[in-house]
Structure formats: structure tokens, C-alpha cells
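Work through the exercises below with the coordinates open. Each task is followed by a solution in steps.

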Amino acid sequence: SKTFKVAIDGPAGSGKSTIAKEIAKIFNLYYLDSGALYRAFGYFVKKMNFDLFNEDDIIKALKDFDIKIIDGEYYLGDEKLGMQIRTPEIGKAASIVAKNEKVRNKVNEILKSLSKIHNVVIDGRDIGTVVLPDADVKIFLTASIEERARRRYKELLEKGKNVNYEEIYKEIEKRDIADSTRDIAPLKPAEDAITVDTTGKDIKTVVDEISKIINKKI
Ligand code: C5P
């Protein structure tokens, strides 16, 4: 039987992962974080002392990229991936490797094969457009850059990180441009996506709004 699929796309800091996790709980869906896969790969390339920009290095790294998802946790070989892939440095590395078509194919293959056996909610940039063009529900989350920078700043502060708001703002702005202007799988809403602006809304409000949309499709 066909699985039920929800795609949640949007820029950095739009609240995708928070919202997707809540939606997964409510509708009993398997949550997949596509950004975590790009981050894991960027982290691996750096760990191997490979060059993020070198095609041969990327191909070598892809051959040895041993990623597993167990109970919603991501593992690189035996290494459990947590905060070490959540740094701005790894965010940047993810954004660089994400431009590579072979890397995207690898990540998409993982996401697609899991979507065939589980009911899923996947968050990312190109889930509704490329990975799950047949998703039952496609949501595109947006929020102003100011709001997204504030959220990221608060999140990092709460994790005890020493952070600078201006730097985060600039980083988000730069990543938006990089993600939406790249040739393959640029960040853009699918034609049949429903855009939800989260600026000034709390998590519950956004989750309720999306739950209503999903309930109509069930
Ligand atoms: O969402 P997150 O910030 O964890 O993603 C890290 C980077 O991975 C993004 O900036 C983007 O360049 C890349 N990415 C992507 N396609 C996705 C998810 C993430 O290109 N579906």
C-alpha cells in the first residue's frame, strides 16, 4: 500500500525541524531531517581532511559515507551525530557539498527509499520539488530574515554557545542566497505547495495551521 508523505520545505531558521517533529508526533509519521544528511556528509568530508570543493574527494567520501538512522538518531559509522553537526561551520560545509549532484542523489536515494516503507514527514529545501514530487501534503515555511536570525540566536544561546546576532543574520542571508540561486534543486516552493508564513506566530499556531491542512488530505 502507498505511504503517506508530508514535505516541509523552507529557508534556514523558518522553524522546519521544530514544526516537522511536532507534526510527526501528532500524525505518527517517521521524521526525516534532510539537512542533517547534508550536514553529516559535510562533517565527514572535513573529518577525512578532504577538500569540500574537490570533486574527486567528494566521490571518495561518498564511497565511504556510512550513514545510518536508528530510532531517529543519525550515526556516522559508530559515531552518534549530535551538536557536532549543528555548528555554523558544518552548516556552511553542508551548503557547499549540497551543490554537488552526486551528493544530492545519494541523500535523495536514502530519503526516497525510507519514504517507500514508512509514512514520513521530511524537512528540507527540495523535498516537495525533487525528493517527493508526489507528496500528499507540501508545506513551504517562510519567516522574515530578522525573525529567523532571532530564533537561531536564541537557540544557540540556550545551548550555551557564544554567539553574535549580526553574524547569524549575515550567515542566514548568505545561506538563503546560496540555497536559492544554485543550479540544482534551488530553494523554491513547489507549484502545489501551501506557503505558511511563521513570522510572529508561536509553534502551536503554526502546528495547528498545518495540522488542519494535513487533516483535509487524510
Ligand atoms: O536545514 P539545515 O540548515 O540543516 O541544512 C543545511 C544545509 O544543507 C542547507 O543550508 C542547504 O544548503 C543544504 N540542504 C539542501 N537540501 C535539503 C536540505 C538541506 O541543500 N533538502
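**Exercise 1. Helix 2**

How many of the 14 residues of helix 2 are buried?

Solution. The model is a predicted one.

Step 1. Apply the cut-off: a residue is buried if 20 or more other C-beta atoms lie within 10 Å of its own.

Step 2. Run through helix 2 (34-47). The buried residues there are Ser-34, Ala-36, Leu-37, Tyr-38, Arg-39, Ala-40, Phe-41, Gly-42, Tyr-43, Phe-44 and Val-45.

Step 3. That makes 11 of 14, and helix 2 is mostly covered.

Step 4. Check the geometry of helix 2. At 1.5 Å a residue, its 14 residues should span 20 Å. The end C-alpha atoms are 20 Å apart, which agrees.

**Exercise 2. Two positive phi values**

Find where Asn-49 and Ala-185 sit, and classify their exposure.

Solution.

Step 1. Begin with the general expectation. Most residues other than glycine have a negative phi.

Step 2. Take Asn-49. Its phi is positive, about 60°, and it comes just after helix 2. Asn-49 belongs to the loop between helix 2 and helix 3 (55-64).

Step 3. Count around Asn-49. There are 7 C-beta neighbours inside 10 Å, so Asn-49 is exposed.

Step 4. Take Ala-185. Its phi is also positive, at about 45°, although Ala-185 is not a glycine. The loop between helix 8 (165-181) and strand 8 (194-197) holds Ala-185.

Step 5. Count around Ala-185. With 19 C-beta neighbours inside 10 Å, Ala-185 is partly exposed. The buried class begins at 20.

**Exercise 3. Two domains**

Describe how the chain is divided and how the parts touch.

Solution.

Step 1. Set the bounds. Domain 1 covers 1-29 + 120-218, and domain 2 covers 34-118.

Step 2. Locate the centres. Taken over C-alpha atoms, the centres of domain 1 and domain 2 are 19 Å apart.

Step 3. List the contacts. Domain 1 uses 17 residues to touch 14 residues of domain 2.

Step 4. Assign the domain 1 side to elements. Strand 6 (120-124), helix 6 (127-131) and helix 8 each give two or more residues to it.

Step 5. Sort that side by class. It has 9 nonpolar, 2 polar and 6 charged residues.

**Exercise 4. The ligand shell**

Which residues are closest to the ligand, and why does the ligand lie between the domains?

Solution.

Step 1. Collect the shell. It holds 15 residues, and the closest are Gly-35, Tyr-38, Ser-95, Ala-98 and Gly-124.

Step 2. Map the shell to elements. Helix 2, helix 4 (88-97) and helix 8 give two or more residues each. Helix 2 gives the most, with 4 residues.

Step 3. Sort by class. The shell has 5 nonpolar, 5 polar and 5 charged residues.

Step 4. Map the shell to domains. Domain 1 and domain 2 both give residues to it, so the ligand lies between them.

**Exercise 5. Strand 1 and the loop after it**

Place Val-6, Gly-10 and Gly-15, then read their contacts against the annotations.

Solution.

Step 1. Start with the record. An unreviewed UniProt entry annotates residues 6-215 as "domain: Cytidylate kinase". Over residues 6-215, the chain is 53% helix and 16% strand. The end C-alpha atoms of this range are 12 Å apart.

Step 2. Place Val-6. It is in strand 1 (residues 5-9). Val-6 is buried because it has 27 C-beta neighbours inside 10 Å.

Step 3. List partners of Val-6 beyond four places in sequence. They include Ile-23, Val-120, Ala-135 and Ile-214.

Step 4. Move to the loop between strand 1 and helix 1 (16-27), where Gly-10 lies. Gly-15 is also in the loop between strand 1 and helix 1. The unreviewed UniProt entry lists a "binding site" that includes Gly-10 and Gly-15.

Step 5. Classify both. Gly-10 has 25 C-beta neighbours inside 10 Å, so it is buried. Gly-15 has 24 and is therefore buried.

Step 6. Compare partners, leaving aside neighbours within four places. Gly-10 contacts Lys-16, Phe-140, Leu-141 and Thr-142. Gly-15 contacts Leu-141, Ala-143, Arg-151, Thr-198 and Val-206. Leu-141 appears in both lists.

How values were computed: Residues numbered from 1 in each chain as written. Predicted model: local features only at pLDDT ≥ 70, side-chain atom pairs only at ≥ 80, totals over all residues. Buried ≥ 20, exposed ≤ 12 C-beta atoms within 10 Å, placed from the backbone. Near = placed C-beta within 6 Å. Nonpolar A, V, L, I, M, F, W, Y, C, P; charged D, E, K, R; others polar. Domains from an automatic or database assignment. UniProt positions renumbered as here; feature names shortened; annotations may be inferred. Expected span 1.5 Å × (residues − 1). Contact = placed C-beta atoms within 7 Å.
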